[in-house]
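Please open the model in your viewer and keep the selection tool at hand. The stops below say what to select next and what is there.

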Amino acid sequence: MIDTERAGEIAATLAADGYHLAVAEAGDRIRVTITAGPEACADCLVPENLMRGILGQALGVPADTIDLTYPSTPS
């Protein structure tokens, strides 16, 4: 079970930079999707592997159980 209070803290931090966080449990996996709002700071997200580690600690789950989806990068 994920730590919903800490998930809210991460969501608030990301929201300050224009991102939205969605977290869902799917069996023994955690699905995390980060999407960019129209005013998102393009340089504010850390690399995915680092974010997975941050999320693992914040949500209280092993980082390798997190399926992370990052915003698409514009071409």
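Begin by selecting C44, which sits in the loop between β2 and α2, where helices (H or I, at least four residues) and strands (E, at least two) are DSSP runs numbered from the N terminus. C44 is partly exposed, with a relative accessible area of 32%; buried means under 20% relative accessible area, exposed means over 50%, and partly exposed lies in between, with a 1.4 Å probe and protein chains only. If you then add E9 to the selection, you have two residues 35 positions apart along the chain, and the C-alpha atoms of C44 and E9 are separated by 16 Å.

A word on what you are looking at: this is a predicted model, in which local features need pLDDT of at least 70 and side-chain atom pairs count only at pLDDT 80 or more, while totals for chains, interfaces and linings use all residues. Residues are numbered from 1 along each chain as its sequence is written, and side-chain values use heavy atoms, with hydrogens and water left out.

Now show the whole chain as a cartoon, and you can follow two helices and three strands, which run in the order α-β-β-α-β from the N terminus on. The radius of gyration of the protein is 12 Å, close to the 11 Å that the globule rule gives for 75 residues, so the protein is as compact as a globular protein of that length; the radius is taken over C-alpha atoms, and the rule is 2.2 Å times the number of residues to the power 0.38. Along its principal axes the C-alpha trace spans about 35 × 25 × 20 Å, and buried residues make up 29% of the 75 residues.

Next, select helix α2, residues 48–59. At 1.5 Å a residue, the 12 residues of this helix should span 16 Å, and its end C-alpha atoms are 16 Å apart, which agrees; the expected span is 1.5 Å times one less than the number of residues. Within α2, color M51, L55, G56, A58 and L59, which are buried. The buried residues of the helix pack against α1 (4–16), β1 (19–26), β2 (29–36) and β3 (66–69), where contact means heavy atoms within 4.5 Å.

Which residues does L55 touch, not counting residues up to four places away in sequence? Select L55 in helix α2, a buried residue with a relative accessible area of 0%, and you will find it touching I10, V32, G60, I66 and L68. One of these partners, V32, is 23 residues from L55 in sequence and 8.7 Å from it in space, C-alpha to C-alpha.

Move on along the chain to G60, which follows α2 and has a positive phi, near 75 degrees. From there go to P62, in the loop between α2 and β3, which is partly exposed at a relative accessible area of 47%. Adding R29 gives a pair 33 residues apart along the chain, and the C-alpha atoms of P62 and R29 are separated by 9.5 Å.

For the last stop, select S72 in the segment after β3, which counts as exposed at 71% relative accessibility. With D28 also selected, the pair is 44 residues apart in sequence and 26 Å apart in space, C-alpha to C-alpha.
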